[in-house]
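Here are some short exercises to work through with the structure open beside you. Try each task before you read its solution.

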Amino acid sequence: MIEKKDQNTICKYNADDILCYCLSIKRYEIESLIIGKRSNDIDSVMNQCGGGTVCNGCKILFSEMMGESVWTPVKVTQINRLAPNVKSFRFEADIPLQPAQAGQHIVIQACINNRWELRRYTLTTPAEEQNYREITVKSYSKGVFSNWLHQLEIGENERICVSKPMGDNLPSLINTNTLICFVAGIGITPALSFIRTISQQSNRPNRPILIDHSVNFKEQKIAFEELQDLALNNNIEVNLRVTKNSTLELNDERLNQQKIIEFVRANPNSDYFLCGPPGYIKNISSYLDVARISKDNIFIDDFTTSKSRKRSDSYHDFYVGLLLLIAFFLQDALQLKMDWLETLQSQDTYKIYSGIFFLIYLISLFVLPYTKLSNKRRFNAKAYQKHKHRGVLAPVIFYIHSTNFGTVYLLALTLSFFATLITGLFNHDCFYSIKRESYFKKWLPLHISFGVITMFLIGFHIYVVSSY
Amino acid sequence: MRSSAYLGYGIGIIISILIILLLSIDSLHSWRVEGEFNVGHENLSCNECHDKATGSIQQQIQSNIQYLISERENVTTFNFEIPDNKDCFACHERDNDRHKVHRFNEPKFKKVRDKIQPQLCVSCHLEHNGVRVTAELDMCQHCHEKTVIKDDPIEVSHEDLVKSKSWKTCLGCHDFHGNHYNEPPTKLNKMIPSDIIKKYFEGGNDPYSLNKREKSKETRYEN
C-alpha cells in the first residue's frame with residue numbers, strides 16, 4: 001500500500017492499481033523499474049515499459065512515482081455558473097502558484113469515490129497569475145469528473161490537487177499581427193485566458209485579437225458579456241456565432257469555406273488559433289488549408305484531453321469493428337453471397353493461401369501478448385495500437401477465407417473467433433468510469449481465453465484439413 | 001495485469017484441451033467434419049472413405065518438406081489418403097449405370113474434363129456439403145449440345161430443347177445414373193419441375209421413383 005503524500009488515509013494508491021490503462025501496467029511493475037533512477041530519467045523509464053507513451057495521460061503519475069513533486073493541494077474558493085451546464089471553478093493554494101502562460105492547461109487530481117481521478121483542463125486564468133487557478137468546465141451526462149465538479153460546493157473539504165501548468169505550442173500575445181481565434185462550445189476557454197491576460201496587461205502593447213465563438217444555441221454562450229466588456233477598452237473583437245435555429249436545423253451562420261476566405265482576406269498576415277470538438281477543428285483546418293494559410297500560422301488546442309483523444313480513437317475502432325461484425329452476420333443470415341467468391345472459396349488452392357493469410361493475421365494479434373509477457377516492454381505502446389487497429393478488421397479477414405459460420409467444430413471456431421473480437425470491442429477504453437479497473441480485471445481473462453481457444457481450434461482445423 | 005492475463009491463458013488452455021479431447025472421441029467423429037455429411041452418409045464413419053496414408057506421420061512430413069524445397073515432384077498425402085472413385089465404388093458401383101464415370105476418360109471428353117471433371121464422382125457429389133448433388137441442374141449441356149433423336153417420341157423434340165437451351169429440363173425426365181424404375185414422360189407437363197429436382201439435389205425427397213434398380217451398400221465392409 002502506497003500512501004499519497006500529505007493526504008489523509010481515505011484515498012490511497014495501491015501497488016495493484018493500474019497506472020497506465022493503455023498498456024495495463026500496474027504500479028508495482030513500475031516500482032521495480034524506477035529503483036535507483038532519478039526523476040529526470042522519466043523518459044527512459046517510460047520507454048522501458050511503454051507506459052505513458054500511448055496517450056501521455058499517466059505521464060504525470062510516472063513523474064510522481066519517481067519522486068518529483070507534481071501536485072499542489074488546493075481548495076475551491078469560487079464557483080460561477082456561466083451557462084446551463086458550464087461552471088467556472090477557482091482554486092487557491094496555501095503557497096504562491098507557478099506562473100502560467102495564457103492558454104496553458106493543468107491536470108487536476110481529485111479523490112472521487114475513494115480513488116484518485118485525473119483530468120486535464122485549460123486554464124482560464126490570466127497569464128502570470130499566482131494567487132489562484134481557474135478552470136471552466138462543461139458537465140457531460142456520463143462525465144465522472146465534470147459531474148463531480150459541478151456538484152461541488154465552496155468550502156467542502158474535498159481533496160483536490162493541481163499540477164504545474166503545461167503546454168508549449170501557444171500563440172504569443174505581444175505580436176502586432178492579429179490573432180484570430182476560431183473556437184466552438186467549451187473550446188472558448190483558452191481564448192478567455194488570452195483576453196483576460198490582455199486586459200490585465202493593457203499598459204503594454206498587446207496583440208489585436210478576434211474571437212469567433214460558435215455555439216449551437218444562444219443560451220450556450222459562455223462569458224460573452226464579460227468578453228464584450230473587456231473588448232471595449234482593448235484591441236479585441238468578439239463575435240458570437242449561433243449555428244442552429246429553433247427547429248434545430250443548421251443556419252447560414254455556420255462557418256464555411258467562403259466565410260473563412262473572407263476572414264483571411266480581411267485580416268492578412270494573421271495567426272489562427274483553433275479550439276473545439278474534433279469535427280470543428282478538422283473542418284476549420286481544411287478551410288484554412290484551402291485558403292493557403294501555412295501550418296506555421298495555425299495553433300491548435302484540440303480541446304480534448306489526451307485520454308479523451310485516445311477514447312475517440314477507441315470509439316472509432318469500436319464502431320468500425322461493430323459495423324464489420326454486423327455486416328458479416330447479415331451477409332450470412334440473409335444469404336447475400338457473391339457467386340465468384342463462393343466458387344473461389346471452394347477451391348483447395350484458394351483455401352490454403354487464404355488460410356495462411358488468416359493464420360498470419362492471427363499471429364500478428366499475438367504480438368501484443370508476446371511483448372507484454374516477455375521483457376520487450378518498450379514495444380508495448382506500438383504493439384497495443386496495432387493490436388487494436390488490426391483486431392477490428394477480423395470480420396474482413398475471416399470473410400476473405402470463408403463467408404460461412406461452418407458446422408460443428410468449425411462453428412465453435414467461428415463463434416470463439418468472433419467472441420474474441422466482441423470482447424475486444426467492449427474493452428476497458430469504452431467503459432470509462434470509476435468501475436473501469438474492476439471491469440478490466442474481469443474483461444482481460446475473458447478476451448485472452450477466447451483468443452487462446454480460437455488458436456487451439458485453428459490448430460485442430462489445420463490438422464483436420466491436412467489429414468482428410 | 002499479469003495475474004489477470006495468466007488467468008485468461010490458463011482458462012483458455014484448459015477449455016481448449018477439453019474441447020480437443022472431446023473432438024478426439026471416436027464416437028463423436030461427426031463433430032470433427034468440415035461440413036455436414038451428404039444425404040445418405042450421415043451414419044458413416046471416417047474410415048469408410050478415408051484410408052490411412054502410407055508411411056508414418058514423420059515420413060509424410062519429411063516428404064512434404066522435400067516437396068516444398070523442390071526435392072520431390074509430388075505432394076505426399078498426410079495422415080489420410082484423399083478419397084477417390086474407388087472409395088465411392090466400394091458402395092455405389094453398378095454395371096447398369098447410364099453415366100459411368102470412367103467413360104469420361106475417353107479422348108472425346110477432353111474438353112468436358114477440363115471444364116467440370118465428370119470423370120470424378122466428387123465433381124458432382126462433393127462430400128461434407130449436407131446435400132445429395134453439388135452439380136448444377138444444367139450440367140447436361142457440356143456433353144449433349146448436339147443431341148438429335150431419330151423419331152423423337154416427345155411433344156417438343158430434344159433437338160428443339162437443345163436449340164432453346166432448356167438444359168434444366170433434362171433431369172425432369174431423365175434420372176442421370178438411371179438407377180430408378182421410371183418411364184420418361186413424353187409430354188413436358190408431365191416432367192418433374194426443375195425446382196423439385198433442385199430440392200432433390202439439396203437432399204429432398206426422391207421425385208423419380210421409390211423403386212431402385214440396385215441398392216447401395218450400407219458400408220464398404222459389407223460382403
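A polar contact is a pair of N or O atoms within 3.5 Å; within protein, one of them must be able to donate a hydrogen and the other to accept it, and residues adjacent in sequence count only if both atoms are side-chain atoms. Keep that in mind for the first exercise, and remember throughout that this is a predicted model.

**Exercise 1. The interface**

Task: Describe the contact between chain B and chain A, starting with its residues and ending with its polar pairs.

Solution:
- Step 1. Begin with the residues in contact: chain B supplies 29 and chain A supplies 31.
- Step 2. Turn to area. About 2,800 Å² is buried between chain B and chain A, and carbon and sulfur atoms account for 67% of it.
- Step 3. Sort the residues on the side of chain B that touches chain A: 16 are nonpolar, nine are polar and four are charged.
- Step 4. Look for specific pairs. Five residue pairs are in polar contact between chain B and chain A, with both residues at pLDDT 80 or more, while the rule finds zero salt bridges across this interface.
- Step 5. Finish with the scores of the model, which are ipTM 0.78 and pTM 0.63.

**Exercise 2. The build of chain B**

Task: Work out which elements chain B has, and where its confidence is lowest and highest.

Solution:
- Step 1. Count the elements: chain B has seven helices and zero strands. Read from the N terminus, the order is α-α-α-α-α-α-α.
- Step 2. Consider burial and contacts. Chain B has 223 residues, of which 32% count as buried. For contacts in chain B between residues at least 6 apart in sequence, 61% join residues at least 24 apart.
- Step 3. Check confidence. Chain B has a mean pLDDT of 91, with 99% of its residues at 70 or more. Helix α2 (residues 57–68) of chain B has the lowest confidence, a mean of 89, and helix α7 (residues 194–201) of chain B the highest, at 95.

**Exercise 3. A serine in chain B**

Task: Decide whether Ser63(B) is buried or exposed, and find what its side chain reaches.

Solution:
- Step 1. Place the residue: Ser63(B) belongs to helix α2 of chain B.
- Step 2. Apply the cut-off. Buried means under 20% relative accessible area; Ser63(B) has 10%, so it is buried.
- Step 3. Follow the side chain of Ser63(B) to the backbone oxygen of Gln59(B), 2.8 Å away.
- Step 4. Set aside neighbours within four places in sequence, and Ser63(B) is in contact with Arg72(B) and Thr76(B).

**Exercise 4. Two positive phi values in chain A**

Task: Compare the settings of Ala223(A) and Val408(A).

Solution:
- Step 1. Recall the background: most residues other than glycine have a negative phi.
- Step 2. Take Ala223(A), whose phi is positive, near 55 degrees. Ala223(A) sits in the loop between β10 (209–215) and α6 (224–232) of chain A, and its relative accessibility of 10% makes it buried.
- Step 3. Take Val408(A), with a positive phi of about 35 degrees. Val408(A) lies in helix α15 (residues 408–425) of chain A and, at 35% relative accessibility, counts as partly exposed.

**Exercise 5. An isoleucine in chain A**

Task: Which residues does Ile195(A) touch, not counting those up to four places away in sequence?

Solution:
- Step 1. Locate Ile195(A) in helix α5 (residues 189–200) of chain A.
- Step 2. Read its accessibility: a relative accessible area of 0% makes Ile195(A) buried.
- Step 3. List the residues that Ile195(A) touches: Ile209(A), Ile211(A), Leu227(A), Leu230(A) and Ile236(A).

Terms used:
Residues are numbered from 1 along each chain as its sequence is written. Chains are lettered from A and ligands numbered from 1 in the order in which they are written. Side-chain values use heavy atoms; hydrogens and water are left out. pLDDT is the predictor's confidence in each residue, from 0 to 100. Helices (H or I, at least four residues) and strands (E, at least two) are DSSP runs, numbered from the N terminus. Contact means heavy atoms within 4.5 Å. Buried area is the accessible area (1.4 Å probe) that two parts lose on being put together, summed over both. A salt bridge is a side-chain nitrogen of Lys or Arg within 4 Å of a carboxyl oxygen of Asp or Glu. Ala, Val, Leu, Ile, Met, Phe, Trp, Tyr, Cys and Pro count as nonpolar, Asp, Glu, Lys and Arg as charged, and the others, Gly among them, as polar. Buried means under 20% relative accessible area, exposed over 50%, partly exposed in between (1.4 Å probe, protein chains only).
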